[in-house]
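User: Please go through the terms used for this structure and justify each one against its cut-offs.

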Amino acid sequence: MSAAGAKSTRGLLVVISGPGGVGKGTVCKELLRDGDMTLSVSVTTRRPRSDEKEGEHYFFRSREEFARMQAAGLLLEAAEIAGNLYGTPRAEVEKLLAAGAVVILEIDVRGGRQVRALAPCLSVFLLPPSTEELEARFRGRGTDDERTLAERMALAAEEMKAAAEYDFTVVNDDLARTVAEVRRIILAARQKEEES
Ligand code: 5GP
């Protein structure tokens, strides 16, 4: 993916990251509502959750298949998160960008770094209103014991250190406001590119 190629076709690559529990998935889902943006479907080695569908939420693959894809250069970026591998299929993203689409990658901070080093993109980091609020959200899920909760909070603190590397940070205090803000940032970047 060359910088010149991305520019001439007016496609826009958008990286959205943020700590677990910040609501990235919900924000990204809402961004798709108007039909003017697309979300890249990642490949992962983790098991599907009960409500997840192959090809819609993720492409679920074995570690062997993932390694094969990686070795063949089929992934734009990849990272291991909590013992599972995640990666962005390169061909689909390139195809969508060539068609002029806004392509959203909802990926972790290490993936974000890899993409920024590779291709021109807009990057947005979602922050929780406070660490207390983040902890309250984790507790609200009611699925974690104290040790897991402490691990999640430590990981979130680590991830949030990367916020300064991103073009924009948005505090997810209210879903509708956050979605409107991220949408405004994306459309403004797109317009700027079209005018250049
Ligand atoms: P989950 O397993 O809860 O769906 O996702 C766990 C984490 O993996 C989230 O932080 C999510 O943003 C990240 N993630 C999902 N897909 C990718 C990907 O393709 N690449 C990278 N680097 N991270 C991903």
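Analyst: Fifteen is the size of the ligand's surroundings: 15 residues surround the ligand, the closest being Ser42, Arg46, Tyr58, Glu77 and Tyr86. A residue counts as near if one of its heavy atoms lies within 4 Å. This is a predicted model, in which local features need pLDDT of at least 70, side-chain atom pairs count only at pLDDT 80 or more, and totals for chains, interfaces and linings use all residues. Residues are numbered from 1 along each chain as its sequence is written, and side-chain values use heavy atoms, with hydrogens and water left out.

User: What makes the pair between glutamate 77 and the ligand a polar contact?

Analyst: A polar contact with the ligand is a pair of N or O atoms within 3.5 Å. A polar side-chain atom of glutamate 77 lies 2.7 Å from a ligand nitrogen atom, so the pair qualifies. For arginine 49, a polar side-chain atom is 2.9 Å from a ligand oxygen atom, and that pair qualifies too.

User: Which residues of the shell around the ligand count as charged, and how many are there?

Analyst: Asp, Glu, Lys and Arg count as charged; Ala, Val, Leu, Ile, Met, Phe, Trp, Tyr, Cys and Pro as nonpolar; the others, Gly among them, as polar. The shell has six charged, five nonpolar and four polar residues.

User: Why are β2 and β9 said to stand at the edges?

Analyst: Five strands form an open parallel sheet in the order β2-β7-β1-β8-β9. Strands β2 (38-39) and β9 (168-171) each have a single partner strand, so one side of each lacks a neighbour in the sheet. Strands are DSSP E runs of at least two residues, numbered from the N terminus.

User: How do you know that β1 and β8 pair?

Analyst: Pairing requires at least two DSSP bridges. Strands β1 (residues 12-17) and β8 (residues 122-127) have four bridges in the parallel sense, so they pair.

Methods: Polar contact = N/O pair within 3.5 Å; in protein donor to acceptor, adjacent residues only side chain to side chain.
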